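Me: Could you take a close look at one part of this model for me, the sheets of the first chain, and walk me through how their strands are arranged? A few words on the surroundings would be welcome too.

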Amino acid sequence: MVSIEGVVKVYGDAGGYQALNGISFAIPDGQFAAIMGPSGCGKSTLLNILGLMDQPTRGAYVLDGSPVQDLSDAERTHVRRDKLGFVFQAFNLLPRMTALQNVCLPMGYAGLGRVERRERAKELLKRVGLAGKEHRTPLELSGGERQRVGIARALANRPKLLLADEPTGNLDSKTSVEILTLFRELHKEGMTLLLVTHDPAIAAQADRILRIKDGSVVADEKPARPS
Amino acid sequence: MNLGESVRTGFVEIWSHKTRSFLSFSSIAFGVAAILYTFANINYMYERRTKAFEISGPGRMDIQKKQVPGTVTAAALSKGLTTSDAEAIVEAMPWLYMVSPIMRTWADLKDGTFSESVQVEGVTPEWRRRGWVYQMRGRFFDDYDVETAARVAIALEPGGWAGKKPFWARWWKDEGFDLHVKRADLLGKTVTLGDGVYTIVGILKNPPKDKDPRWFFRSGGNILVPLTTAQRYLAGSSETKAYDAVDEIIVDTGNIDTVPRARRRIEALLSGRHRGVTDYEVSDFRETVQNMLENMRKYAVAVLAVGIVAILAGGVGIMNVTLATIFSRIREIGVRRALGATRADILAQFLTEAGLLGILGGIAGIAMGLTGIKYLTDDGPETIAALLWWHFPATLAISAGTALLFALYPAYQASRLDPVEALRYE
């Protein structure tokens, strides 16, 4: 699904701060991978590049079988819209819109009809356990519920890859477990998941942990998990 | 993202920032109101000119008495403007539609206990030929009245209002003679004018004040008498004045094309008769109208300038609001970009919001303009009636266009935001 080869990201001009030092790895279809590392190790930069929000300075990136490192801004936006789903630490729901409208948003950009959008959004909200709360605004939802809306929104355009940046960072441990369970269920349904975290307990739920330090992968391990 | 979607989002945004949106569209609205007023005024101006030409006659000229310095010499050479001048003009150019000599004076009118100094105009039957907007009871003067200097008079009655008294005329009251002529039916009565006794043979009722088409040649008379009567019995004493002196001769050639020719001949004729003393002034009516129109045009341009300034201020307001909106929504822009919004989507979204503000402002401005014109101007209903249908879409287009133009730069800035930076923005 994802394969990067020698990706380098330098901020500013040549000689500027190098966030990624020729990082390489591949994530096969349907894998649940976690990326771990101390803050400032380049996790966010990596996630931005994988999410096509940013471009690598050098290196190759193949997403779903096609190279994407040289795409234009508009092309990257379209790939992002159609193949990727983002789950944020701070949820990033639009505050003035209801849960349903938030989930509809990416489908609007994809050009789906209004009726179809609402149907699918309702389905997704039901899927994440928010049936009956479609018309609440984020302010009327708990943290865990907000993140569920965030996940439903990320799934709106049936992405191939779900990218989650510290999805439980703003949640208490009980809610974190619920969200994680949701991720595991999605994984079982065949979704490829890439989760950035610095919580070992959460990383332990993944199939694979990539440890990053100073812009390179320093360890690629399979967590010992009681199953 | 389609337009309907953007419009819906735009409305949500506008609604959730009511004060900010209201401020920016009100400035647009002021501009629109001013522009609409200008449109209305310019059009009304042309309508009135056409009407005024129809009533006053297309080939009208005014010959007016003029004071000259060095009176003693001048008086020796010329008697001033007289009835004979008018007769000479008729003799030279019998084809003229109207040659109407007028003499103006003041006299005391007494009717029972009523007594007031009124303005008297001495006229000939020719007076009827142009500018006839009256409703007449009784009769007008005939040649016999003029030949015999008959002691007959016609009273002019004020026209009142067409409908309900308009807002702006709340403090208007008919007083003195106007009131008297309305209350006491003078037709057939005998009144004292100056030191003579006159029979009122006719009453001319003016058109309603708010429908009066004579917007720049309204005569100021209260009482009409035959010209000869005025000259003989009512003229003030002046040693240099001829017995048949007049104040003005109004000429109408009957056709606009013959005005220059008639004017040249009249000037030549009078110059000879007055022995070169220019104690008169010939003014082409078109010049008078043109001058007035020129003034009105300047006024319209000034209002238009105010309108443009107001609308530009509104545009800057919209720019400000759009910038503020964008700053408060940088993170949202990041989220939208992450979810698949292209730069064009973001640009379209902010432009739509600004355009909506512009259209709302335009609608509010049209409402404001119409209300303002109706209640604050002299000729409200007529001015509004002079608006053509396309003035409304045109004003709306101006306001929406200004809003879009001024939102372009901030919206472009928003669309150029780096999504990563925008998402990280607190």
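Reply: Happy to; here is a walk through the sheets of chain A, followed by some notes on its loops and on chain B.

Please keep in mind that this is a predicted model. Chain A contains seven helices and ten strands. Of its 227 residues, 47% are buried. Looking at contacts in chain A with a separation of 6 or more, 68% of them link residues 24 or more positions apart.

Let's begin with the sheet of six strands. This sheet is open, its pairing is mixed, and its strands follow the order E6-E7-E8-E3-E9-E10 in chain A. At the edges you will find strand E6 (84-87) and strand E10 (216-221) of chain A, each of which pairs on one side only. On average, neighbouring strands in this sheet are turned by 20° against each other, with direction ignored.

Strand E3 of chain A is a good place to stop, with E8 and E9 as its neighbours in the strand order. Towards E8, strand E3 (residues 32-36) runs parallel to strand E8 (residues 192-197) of chain A, and five bridges join the two. Here A:Ile35 stands opposite A:Val196 of E8(A). Towards E9, the pairing of E3(A) with strand E9 (residues 208-213) of chain A is again in the parallel sense, over four bridges. In that pair A:Met36 stands opposite A:Arg211 of E9(A). If you want to follow side chains along these strands, a general rule helps: in a regular strand they alternate between the two faces of the sheet.

From E9(A) we can move on to E10(A), where the sense is antiparallel and five bridges make the pair. One of the facing pairs is A:Ile209 with its bridge partner A:Glu221 in E10(A). E9(A) and E10(A) form a hairpin that has two residues between the strands, and A:Asp214 in the turn has a positive phi of about 50°.

Now for the other sheet. It is an open sheet of four strands with antiparallel pairing, in the order E2-E1-E4-E5 of chain A. Strand E2 (17-27) and strand E5 (66-67) of chain A each have a single partner strand, so one side of each is left without a neighbour in the sheet. At the E5 end, two bridges join E4(A) to E5(A), which run antiparallel. Across this pair, A:Leu63 stands opposite A:Ser66 of E5(A).

Two loops of chain A deserve a look at their backbone angles. As background, most residues other than glycine have a negative phi. A:Leu52 has a phi near 60°, a positive value in a residue other than glycine. This residue sits in the loop between helix H1 (43-50) and strand E4 (58-63) of chain A. Is A:Leu52 buried or exposed? It counts as buried because there are 25 C-beta neighbours inside 10 Å of A:Leu52, and the cut-off for buried is 20 or more. A:Glu166 also has a positive phi, near 45°. Its place is the loop between strand E7 (161-165) and helix H6 (173-188) of chain A. With 20 other C-beta atoms within 10 Å, A:Glu166 is buried.

Finally, the surroundings. Chain A has 18 residues in contact with 16 residues of chain B. On the chain B side, the elements that give two or more residues are helix H1 (3-16), helix H10 (330-338), helix H11 (343-376) and helix H14 (419-424) of chain B. H10(B) gives the most, with four residues. By type, the residues on that side of chain B are eight nonpolar, three polar and five charged.

Within chain B, helix H2 (residues 18-56) packs with helix H13 (residues 391-415) at an angle of about 145°, and their axes are 10 Å apart. The crossing of H2(B) past H13(B) is right-handed. Residues making this contact include B:Ile28, B:Val32 and B:Phe39 from H2(B), and B:His391, B:Ile398 and B:Ala403 from H13(B). The contact has seven nonpolar residues, four polar and no charged.

One more chain B element rounds off the tour. Helix H7 (residues 227-234) of chain B is mostly covered, with six of its eight residues buried. Among them are B:Leu227, B:Gln231 and B:Leu234. The buried residues of H7(B) pack against several elements of chain B, including helix H4 (83-92), strand E2 (98-111) and strand E8 (223-226).

How values were computed. Residues are numbered from 1 along each chain as its sequence is written. Chains are lettered from A and ligands numbered from 1 in the order in which they are written. This is a predicted model: local features need pLDDT of at least 70, side-chain atom pairs count only at pLDDT 80 or more; totals for chains, interfaces and linings use all residues. A residue is buried if 20 or more other C-beta atoms lie within 10 Å of its own, exposed if 12 or fewer, and partly exposed in between; C-beta atoms are placed from the backbone. Two residues are in contact if their C-beta atoms, placed from the backbone, lie within 7 Å. Two strands pair if DSSP finds at least two bridges between them. Axes are lines fitted to C-alpha atoms, for helices over the stretch in contact, and angles run from 0 to 180 degrees between N-to-C directions. Ala, Val, Leu, Ile, Met, Phe, Trp, Tyr, Cys and Pro count as nonpolar, Asp, Glu, Lys and Arg as charged, and the others, Gly among them, as polar. A crossing is left-handed if the near helix is turned anticlockwise from the far one by less than a right angle, and right-handed if clockwise.
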